[in-house]
Amino acid sequence: MKICICCSLSFTDEVVEIAKKLEGMGHEVLLPDGVKRRLIKQEDFDPVAAKFETDTIHEHPAKIKAADAVLMCNYEKNGIPGYIGANSFCELYMARYFDKPVFALNPLPEQPYIHDEIMAFEITVIDGDLGKIK
């Protein structure tokens, strides 16, 4: 299965490990270009500049469209378990638009300003069990 990973750039190290596990299970993994750039470990890494340089607005939706499924890697950030940021929310919207099944690695967050919208995306929470992606 071809799986597109969506995530906050803050989770780069964790996402790379998830990608390796998925590949070990026989899946093809599409990573956000920002994650690839973040791996370069630049001292002056600028996430906004990386989004412009990698044309995230066009490139990642194309990966979502090409995938069989989307995996939202939602870890704790800023004290919010299962954090889903603005870019990730947009990616969830795109996945829904392209009728892709969406899996969340961890339970969905209690973020009041997007809670109802996230619930409407019909996300399957896998509680860290990658074997549940089918």
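Two strands are taken to pair if DSSP finds at least two bridges between them. In the predicted model described here, strand S1 and strand S2, the latter formed by residues 28-30, run parallel and are joined by three bridges. Within this pairing, Lys 2 stands opposite Glu 28 of S2. Strand S1 also pairs with strand S3, again in the parallel sense, and this pairing extends over five bridges. One of the positions concerned is Cys 7, whose bridge partner in S3 is Cys 73. The strands S1 and S2, taken together with helix H1, make a β-α-β unit that is right-handed. Five of the six residues of S1 are buried, and the strand is therefore largely enclosed by the rest of the structure.

These strands belong to a protein chain whose secondary structure comes to six helices and five strands. Read from the N terminus, the order of the elements is β-α-β-α-α-α-β-α-β-α-β. The chain has 134 residues, of which 44% count as buried. About 7300 Å² of the protein chain is exposed, with carbon and sulfur atoms supplying 53% of that area. When contacts between residues at least 6 apart in sequence are considered, 71% of them join residues at least 24 apart.

A residue that illustrates contacts of this chain is Glu 91, which is found in helix H5. Because its relative accessibility is 10%, and buried means under 20%, Glu 91 counts as buried. Leaving aside residues up to four places away in sequence, Glu 91 touches Cys 6, Cys 7, His 60 and Ile 64. Cys 7, one of the residues touched by Glu 91, is also the residue that has Cys 73 of S3 as its bridge partner.

Aromatic rings were examined next, and with ring centres required to lie within 6.5 Å, the count comes to three aromatic pairs. One of the pairs is formed by Phe 11 and Tyr 75, which are arranged edge-to-face, with 5.2 Å from centre to centre and 70 degrees between the planes. This pair links distant parts of the chain, since Phe 11 lies in the loop between strand S1 (2-7) and helix H1 (12-24), whereas Tyr 75 lies in the loop between strand S3 (69-73) and helix H5 (86-97), 64 residues apart. Both Phe 11 and Tyr 75 are buried. Another pair, that of Phe 89 and Phe 121, is tilted, with a centre-to-centre distance of 5.5 Å and an angle of 50 degrees between the planes. Here too distant parts of the chain are linked, as Phe 89 is in helix H5 and Phe 121 is in the loop between helix H6 (115-120) and strand S5 (124-125), 32 residues apart. Phe 89 is buried, as is Phe 121.

Backbone geometry was considered last. Most residues other than glycine have a negative phi. Asn 78, although not a glycine, has a positive phi of about 55 degrees, and its place is in the loop between S3 and H5. The relative accessibility of Asn 78 is 65%, and because exposed means over 50%, this residue counts as exposed. A positive phi, near 55 degrees, is likewise found at Glu 122, a residue other than glycine, which lies in the loop between H6 and S5. Glu 122 has a relative accessibility of 55% and so counts as exposed.

Note on methods:
Residues numbered from 1 in each chain as written. Predicted model: local features only at pLDDT ≥ 70, side-chain atom pairs only at ≥ 80, totals over all residues. Heavy atoms only, no water. Phe/Tyr/Trp six-rings, centres within 6.5 Å; stacked < 30°, edge-to-face > 60°. Helix = DSSP H or I, 4+ residues; strand = E, 2+ residues; numbered from the N terminus. Buried < 20%, exposed > 50% of the residue type's maximum accessible area, 1.4 Å probe, protein only. Contact = heavy atoms within 4.5 Å. Areas by Shrake-Rupley, 256 points an atom, 1.4 Å probe, with all protein chains shown as cover. Right-handed = clockwise from strand over helix to strand, strands pointing away.
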